[in-house]
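Trainee: Could you take me through one part of this model up close? I'd like to see how a sheet is put together and what sits around it.

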Amino acid sequence: MKIEVRHLLSQCLLLLLMVCVSSFAMAQTVTGTVTDAKTGDALIGASVTVKGADTGASTDVNGKYSINTNGATALIVSYIGYAEQEVTINGRTEINIALSEGIKTDEIVVIGYGAVKKSDLTGSVTSVKAENFNKGVVTGADQLIQGKVAGVQIMNNSGQPGGATTVRIRGNSSVRTGNTPLYVVDGVPLDGRSARPGFSNSDLGNSPGANPLNFINPDDIASMQVLKDASATAIYGSRGANGVVIITTKKGRAGAPKMSFNTSFGSSSILKKYQVLTGDEYRSALTDYGLTGGDEGSSVDAMDAILQDGFSQNYNFSIGGGSDMASYRVSAGYLDQQGIVKESGIKKYTGNITGQFRFFDKRLTVDYNLLAAHTTEDLAPITTNAGFTGNLIGQALQWNPTSPLYNSSGAYNILSGSTTINPVAMLGAYDDRSELSAVLASIAPSFKLTDNLTYRFLYSVKHEVGLRRSEIAD
């Protein structure tokens with residue numbers, strides 16, 4: 001009897017020991033640090049989960065984590081921009097993980113309320129990086145993605161350098177309030193207007209508008225994202241009803257100062273000309289129809305007289321660098337683009353200062369940005385709503401090719417009492433110049449309250465001053 005009691009007691013003790021060991025195994029806690037494999041920097045907010053379970057944790061400001069494994073055999077560690085890594089526990093209580101870059105940046109989409117994987121995003125968003133922008137001489141930021149985004153129409157309203165474009169993301173969805181999308185530059189929504197004064201004349205019509213994005217140097221843009229569906233309204237309210245174009249400028253990166261300088265040159269000419277009669281063909285037509293008047297004895301091409309090969313030059317300089325606690329980037333640009341019509345063109349001077357400061361173990365971050373530009377435009381008397389006497393192109397097309405543009409003394413050939421106007425004389429008498437200065441400044445402090453909650457405040461100022469002088473000499 002005593003033997004049976006002792007045997008039963010030993011079995012109970014063995015069972016209790018097994019339960020204790022099992023409970024210890026189930027309650028095992030693993031701690032460690034998650035870092036960048038290349039730089040060794042701690043990764044803040046990295047996700048550490050138990051394989052096959054719902055248990056998870058995030059790394060703190062020092063990259064440290066602590067997680068209860070519940071007897072699991074492996075951990076899954078992931079971070080935006082890095083390859084996901086599976087780590088076997090093997091009874092260890094401290095595991096340090098170094099993540100390597102692996103996920104392509106185009107798989108991550110930054111939207112108004114965070115960053116998500118492209119596969120998880122339900123909204124229609126298209127992102128275009130700097131390496132995929134249109135090349136060549138570009139004056140407006142929207143021209144960088146012209147023809148690059150499916151379903152988005154970007155059309156030049158005129159041939160004027162720096163002229164406005166028509167951008168349609170969701171088609172003509174409104175008949176009263178306009179169809180222009182909302183532009184957001186580094187988190188600052190713009191109203192889509194330019195301060196360049198308009199011009200209207202009963203004979204000359206209304207001059208084409210200016211591109212509201214002319215103050216941004218295309219070389220300073222890192223990426224552009226187009227929000228095309230209702231998610232834009234969910235983020236930006238009714239202002240995003242026609243779609244949203246998010247413009248992100250380049251920022252400074254930690255490391256030794258890096259300097260960049262690039263320049264480009266180009267030439268533009270008219271793509272297609274209307275086929276009109278030459279002086280000899282005009283004279284032949286007069287003979288064929290039995291007409292005796294109309295031959296002035298010359299042979300001129302009025303269209304060629306007002307056109308030119310527009311030469312363009314573009315220069316950009318930037319320098320940036322910093323440390324893990326502070327970074328900066330400074331840039332300057334100059335653009336001189338001539339139009340294909342004589343006496344037309346644009347000159348643009350731009351500057352950009354951007355940077356970031358971090359304090360209190362990176363809990364407090366201050367971002368700042370300053371964009372400044374001065375633009376000078378020379379405009380030709382070309383509109384789409386002028387009468388046949390008020391448009392330079394119309395004047396050139398209706399000019400008699402046998403009539404000289406200059407008289408024998410070298411002065412303009414003015415046809416008194418006639419509705420036909422010498423286009424060269426019109427171009428010489430018309431003077432229309434616009435000066436526009438613009439500044440966009442913003443400062444955005446953010447404070448990390450907890451590992452999963454950050455408060456960010458953005459204060460911005462957009463200021464533009466436009467001056468325009470238009471006159472026609474007698």
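**A close look at strand E18 and its sheet**

Mentor: Let's start with a pairing: strand E17 (residues 221–227) and E18 run antiparallel to each other, joined by 6 bridges. Keep in mind as we go that this is a predicted model. To see that pairing at the level of residues, find Gln-225, whose bridge partner in E18 is Ile-246.

Now look at another partner of E18. Strand E13 (residues 182–185) is joined to strand E18 (residues 244–249) by 4 bridges, and these two strands run parallel. Two spots show you how they line up: Tyr-183 has Val-245 as its bridge partner in E18, and Val-185 sits opposite Ile-247 in E18.

Zoom out a little and you get the whole sheet. It is an open sheet of 5 strands, in the order E10-E17-E18-E13-E14, with mixed pairing. What happens at the edges? Strand E10 (125–129) and strand E14 (188–190) stand there with a single partner strand each, so one side of each has no neighbour in the sheet. From one strand to the next, the twist averages 20°.

Back to E18: is it mostly covered or not? It is mostly covered, with 5 of its 6 residues buried.

That brings us to the packing. The largest nonpolar core has 27 residues, and the ones that touch the most other members are Ile-145, Leu-190, Phe-215, Ile-221, Met-224 and Ile-247. You've met Ile-247 already, as the residue opposite Val-185. Several strands feed this core: E13, E14, E17, E18, strand E23 (364–378) and strand E24 (430–450) each supply at least two residues. E17 gives the most, with 3 residues.

Pick out Ile-221 and look at what surrounds it. Setting aside neighbours within four places in sequence, Ile-221 is in contact with Ala-130, Phe-133, Ala-141, Leu-144, Ile-216, Ile-247, Thr-248, Thr-249 and Lys-250. Apart from this core lies another one, of 17 residues, including Leu-43, Ala-57, Val-77 and Val-87.

Leu-43 and Val-77 also turn up around Leu-99, since both are among the residues Leu-99 touches beyond four places away in sequence. Leu-99 itself lies in strand E7 (residues 97–99). Why does Leu-99 count as buried? Its relative accessibility is 0%, so it falls in the buried class. Ala-83 is another residue that Leu-99 touches; the two are 16 residues apart along the chain, and their C-alpha atoms are separated by 6.7 Å.

One last stop, for contrast with all that nonpolar packing: the aromatic rings. The count comes to 8 aromatic pairs. In one of them, Tyr-334 and Tyr-349 have ring centres 5.0 Å apart and planes at 40°, so that pair is tilted. It links distant parts of the chain, with Tyr-334 in strand E21 (residues 326–338) and Tyr-349 in strand E22 (residues 345–359), 15 residues apart. Tyr-334 counts as partly exposed because its relative accessibility is 21%, and Tyr-349, at 43%, counts as partly exposed too. For a stacked pair, go to Phe-357 and Phe-359, where the centres are 6.4 Å apart and the planes are at 25°. Phe-357 is partly exposed at 37% relative accessibility, and Phe-359 is partly exposed at 39%. Tyr-334 and Tyr-349 also belong to one aromatic cluster together with Phe-265, Phe-311 and Tyr-315.

Technical notes. Residues numbered from 1 in each chain as written. Predicted model: local features only at pLDDT ≥ 70, side-chain atom pairs only at ≥ 80, totals over all residues. Heavy atoms only, no water. Pairing = 2+ DSSP bridges. Axes fitted to C-alpha atoms, helices over the stretch in contact; angles between N-to-C directions. Buried < 20%, exposed > 50% of the residue type's maximum accessible area, 1.4 Å probe, protein only. Contact = heavy atoms within 4.5 Å. Phe/Tyr/Trp six-rings, centres within 6.5 Å; stacked < 30°, edge-to-face > 60°. Core = buried A, V, L, I, M, F, W, Y, C linked by side-chain atoms within 4.5 Å.
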